[in-house]
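User: Please take a close look at one part of this protein, its nonpolar core, and set that part in the context of the whole chain.

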Amino acid sequence: MDSTVAGLLAAVVGVGGTLGSAWLTQRRGDASRREEWERVERSRRAELAAQQVESGRETRRAAYTEFNAAARHYLATLNDHAHVLRIGYAPQESLAAVETARADYRRRYAEAQMIVPDIVLTEVRRVDIGLGSVYGILARLTHDTAREGDDIESVRDTIKQGWRDLSRMRAAMRTDLGVTEPSHE
């Protein structure tokens with residue numbers, strides 16, 4: 001091979017190497033930037049997901065607090081009304097307090113139905129059924145329309161069960177929020 005062809009071949013290889021090197025450097029830079037962008041995007045998505053989880057937990061915490069307070073207040077007013085009926089006082093004032101507490105409770109219950117997870121909703125429903133039972137018996141006793149088995153003693157037992165149900169519900173709520181560990185009953 002003559003020196004001109006060898007020189008031309010060397011020049012072509014040199015230019016090709018230079019161009020190839022620039023092209024490979026560009027590709028490596030593009031890949032590096034793409035990997036960095038993907039890492040930043042994954043990090044952003046993870047942070048957004050964590051914020052959404054925390055926001056959901058805060059929403060549930062606020063709803064749990066309000067519902068627990070409303071349910072406890074409602075049960076306490078039902079208990080007070082039962083005492084009024086037991087000692088024979090006029091029930092109008094205590095009945096008005098029951099109705100006010102019931103209205104607040106119903107609003108909180110409707111809110112809870114929309115945001116609590118199923119495991120907590122099971123306990124919320126148990127509380128609601130118990131409160132409805134106490135309310136029904138007391139309403140019938142107040143209006144002299146009692147059914148067989150409706151008496152102050154059965155109300156006392158139902159109210160005691162209501163307090164136990166509230167404790168179970170509160171434990172389920174605290175577990176959902178991560179405040180306590182699940183109980184293994």
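Analyst: The account below begins with the chain as a whole, turns to the core and its residues, and ends with a loop position.

The model is predicted. Its protein chain contains four helices and zero strands, and the order along the sequence is α-α-α-α. The overall form departs from that of a compact globule: for 185 residues such a globule would have a radius of gyration near 16 Å, whereas the protein chain has 35 Å. The C-alpha trace spans about 125 × 35 × 25 Å along its principal axes.

Of the 185 residues, 30% count as buried. The accessible surface of the protein chain amounts to about 12200 Å², and carbon and sulfur atoms contribute 55% of that surface. As for charge, the chain carries 27 positive and 28 negative charges, and the mean positions of these two sets lie 3 Å apart. Among contacts with a separation of 6 or more, 71% join residues 24 or more positions apart in the sequence.

The core itself can now be described. In soluble globular proteins, nonpolar side chains tend to be buried together. In this model, the largest nonpolar core comprises 33 residues, and those with the most contacts inside it are F67, Y74, L78, Y105, V124, L131 and V155. Two or more residues come from each of α1 (3-87), α2 (92-115), α3 (118-142) and α4 (152-177). The element that gives the most to this core is α3, with eleven residues.

Y105, one of the residues with the most contacts inside the core, offers a useful point of entry. With neighbours within four places in sequence left aside, Y105 is in contact with F67, A70, A71, Y74, V127, D128 and L131. Two of these partners, F67 and Y74, are also listed among the residues with the most contacts inside the core, as is L131.

A71, another partner of Y105, lies in helix α1. Its relative accessible area is 0%, so A71 counts as buried, the cut-off being under 20%. Apart from residues up to four places away in sequence, A71 touches Y105, V127, L131 and L166. The C-alpha atoms of A71 and V127 are 8.0 Å apart in space, although the two residues are separated by 56 residues in sequence.

A76 is likewise found in helix α1. In contrast to the buried A71, A76 is partly exposed, with a relative accessible area of 26%. A76 and W163 stand 87 residues apart in sequence, and the distance between their C-alpha atoms is 9.3 Å.

One position outside the helices completes the description. D144 is placed in the loop between α3 and α4. Most residues other than glycine have a negative phi. D144 is not a glycine, yet its phi is positive, at about 55°. The relative accessible area of D144 is 71%, and because exposed means over 50%, this residue counts as exposed.

Terms used
Residues are numbered from 1 along each chain as its sequence is written. This is a predicted model: local features need pLDDT of at least 70, side-chain atom pairs count only at pLDDT 80 or more; totals for chains, interfaces and linings use all residues. Side-chain values use heavy atoms; hydrogens and water are left out. The radius of gyration is taken over C-alpha atoms; the globule rule is 2.2 Å times the number of residues to the power 0.38. Buried means under 20% relative accessible area, exposed over 50%, partly exposed in between (1.4 Å probe, protein chains only). Contact means heavy atoms within 4.5 Å. Accessible areas come from the Shrake-Rupley method with a 1.4 Å probe; for residues, only the protein chains shown count as cover. Lys and Arg count as positive and Asp and Glu as negative; His and the chain ends are not counted. The place of a charge is taken as NZ of Lys, CZ of Arg, CG of Asp or CD of Glu. A nonpolar core is a set of buried Ala, Val, Leu, Ile, Met, Phe, Trp, Tyr and Cys residues joined through side-chain atoms within 4.5 Å.
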